[in-house]
Amino acid sequence: MSAAPVLGGTVTADEADEAAESLTIVKARHPWRWIASAVVLVLLAMAVNALITNPAWDWAIVGEYLFAPSVLEAVAFTIQLTVLGIVLGFLLGTVLALMRLSRSPLLVSVAWSYVWLFRSVPLILQLLFWYNLAILYRRISFGVPFGPALFDIGTMDLIGPVTAAVIGLTLHQAAYAAEIVRSGFLSVDQGQLEAASALGIPRTRQLFRILLPQAMRTIVPTAGNEIIGLVKGTSVVYIMALPELFYQVQVIYNRNGRVIAMLLVAAIWYLLLTTVLSVAQYYVERRFGRGAARALPPTPLQRVRGVLAVRRAARDQRLVDLGGGR
Amino acid sequence: MAIEVRDVNKSFGTTPVLRDVSIDVESGSLTALLGPSGGGKSTLLRVIAGLEQPDTGTVMISGVDATRLSPQRRNVGFVFQHYAAFKHLSVFRNVAFGLEIRKRPKDEIRKRVMELLELVHLEKMADRYPSQLSGGQRQRMALARALAVEPEVLLLDEPFGALDAQVRKELRTWLRRLHDEVHVTTVFVTHDQEEAIEVADTIVVLANGAVEQVGSPAEVYDNPANPFVMRFLGPVTEIGGSLVRPHDIEISTTPTEGATEATVSRIVRLGFEVRVELEIAGQEAWVQVTRGFAERLALQPGDTVNVRPNPGSRSLALSAV
């Protein structure tokens, strides 16, 4: 602190330079950031400690059942229900969205009414309804509408609990999917379709080659939400005594009494499935994001590589500087 | 005739947009549909393309009645003001798209697309996406895309409307040159009379959904059919109850035959030309003269001068309308 800038006195240019040189550069300090970080760290440590040291969590039992065959089967069934519900739901939803956007007032109102009905009634109620369809119609026949039946089949034989669950999830999901797909279609500017028409491209081709690929950009994030929602949503089918994950862990803890441990097993699996889906969503979004932005954001892997490359370059530069200085 | 539009009427709701419109577009010509916004020019272009259906009337393209044909079957190229680029496809794929649908062999498509990209100076941008192009580049891509399918007519809806003044001027000249090379019958919509005069061989002036005048740029400028066309195509001023172009007025300091007395109220110098503002019997008018001429006369505000329309020039009597 020998030469602080002199105020009020006359300072020559040389003196000013000297004063500037003797000033040391100090990094800006952020004391509150450090304090907040410390507090969060302590809280985290306490949480981890509570999870590990309390024997009531039964981590040994969790480990034992996490990969038990019955649990794995239940996970597989949950995945199966989710995939069927999403795929069929989005197929039907896309048809509904196209109906909503058609020029036929009948198709528009039917699609609108469908969405209205299936979004209004709770999923659990719909599931029970399909499960009990046999009460309404004992037999279901296939044939010419209002004409002769080719064959018929008992409702109970055709719609078992699994089919009822898939139908229920699909129909419910389709109502939401219809709106998601429709919003995707609306996000693509109509001028492109006119341009395509002028180029001689038929309507169906326009749909699959121009509308859908671009609509996906808007559809994917919301659809990702829906898929993740459905992974957990499948747990409502436990009321139909179907062996999906949530039902299965209940069966097990009713037998062995380890309620918390078994709930943890289910939670860990749901967490895992959701993680895989989130990562997949990130890459799918990138795929459909092409052309939307000037440059795609880097993947996490590319980002790590980028940071390492910068570090390496900086280090090499330092070595060169040191070598050059001597 | 490449395009014949006959007695086309079109309303949006209760608002008539086109009223008994009939125009002929010659093969290989470059025609401008010129008029104020809301005049029906874009609608007429879209009716020709099949993007709108006329309420009554017919559209013939290359001698075939196309009135009820879908846009897909009309073999027209269309370029939109806001490009309508396929955002998810590269520049190359955008241009190739119409050809891919027609199941042309891959080599042929590649060759044709590269030719077109060279024509529009985008050959180095083939792998880019539209979002990575500037506005002018996007519009040139849209033009290449429209030309790819070898349309019988090329329709451009305010093609340079979304671009800045500098790029607009460049593309204007370039469109003219491109047309001289490709010779496809072209119709473009514009509200910019300068653009129409500079680029087109034929100008169709449309206002309030009706054709006001059809003619070469010189014809519509020099012999406007009515005061509206005269006002729309260039600057006008009023002298002795007639509409005159301000550069078609003689000023002299000595009395001249058939001239009117006027008082100079203001002199504005705009670069090489001078705008002399006058008062004639309480009415305002103005005359455009060259700088040299103004200096020779040594005009000052307050001076009394004699003005009359150039004997050779065309003026429109307003009282008749």
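How much area do chain A and chain B bury between them? In this predicted model, the two chains bury about 2,200 Å² between them. Carbon and sulfur atoms account for 55% of that area. The contact draws 24 residues from chain A and 26 residues from chain B.

Start with the charged pairs across this interface. Three salt bridges are counted between chain A and chain B. One of them joins Glu194(A) to Arg46(B), with 2.5 Å between N and O. Polar contacts also cross the interface: nine residue pairs qualify, both residues at pLDDT 80 or more. Now look at the chain A side. H10 and helix H11 (203-233) of chain A are the elements that give two or more residues to the side touching chain B. By class, that side holds ten nonpolar, seven polar and seven charged residues.

A further salt bridge pairs Lys87(B) with Asp189(A), whose closest N and O atoms lie 3.5 Å apart. This pair crosses between chains. Lys87(B) sits in the loop between strand S6 (76-79) and helix H2 (91-101) of chain B. Asp189(A) sits in the loop between helix H9 (161-186) and helix H10 (190-198) of chain A. Are these two residues buried or exposed? Lys87(B) has 42% relative accessibility, so it counts as partly exposed. Asp189(A) is partly exposed too, because its relative accessible area is 31%.

Next, move into chain B. Here the side chains of Glu195(B) and Arg172(B) meet in a salt bridge, 3.7 Å from N to O. The pair links distant parts of the chain, 23 residues apart. Glu195(B) belongs to helix H6 (residues 193-199), while Arg172(B) belongs to helix H5 (residues 165-182). Both Glu195(B) and Arg172(B) are buried.

Another salt bridge of chain B joins Arg275(B) and Glu277(B), with the closest N and O atoms 3.1 Å apart. Its two partners fall into separate classes of burial. Arg275(B) is at 27% relative accessibility and therefore counts as partly exposed. Glu277(B) has a relative accessible area of 19%, so it is buried, the cut-off for buried being under 20%.

Which residues do salt bridges with shared partners join into one network? They are Arg172(B), Asp192(B), Glu194(B), Glu195(B) and Glu198(B). The Glu195(B) and Arg172(B) salt bridge has already been met above.

Finally, step back to the whole structure. A search over all chains finds 22 salt bridges. Three are counted between chain A and chain B.

Conventions: Residues numbered from 1 in each chain as written. Chains lettered and ligands numbered in written order. Predicted model: local features only at pLDDT ≥ 70, side-chain atom pairs only at ≥ 80, totals over all residues. Heavy atoms only, no water. Salt bridge = Lys/Arg side-chain N within 4 Å of Asp/Glu carboxyl O. Helix = DSSP H or I, 4+ residues; strand = E, 2+ residues; numbered from the N terminus. Buried < 20%, exposed > 50% of the residue type's maximum accessible area, 1.4 Å probe, protein only. Contact = heavy atoms within 4.5 Å. Buried area = accessible area lost by both parts, 1.4 Å probe. Polar contact = N/O pair within 3.5 Å; in protein donor to acceptor, adjacent residues only side chain to side chain. Nonpolar A, V, L, I, M, F, W, Y, C, P; charged D, E, K, R; others polar.
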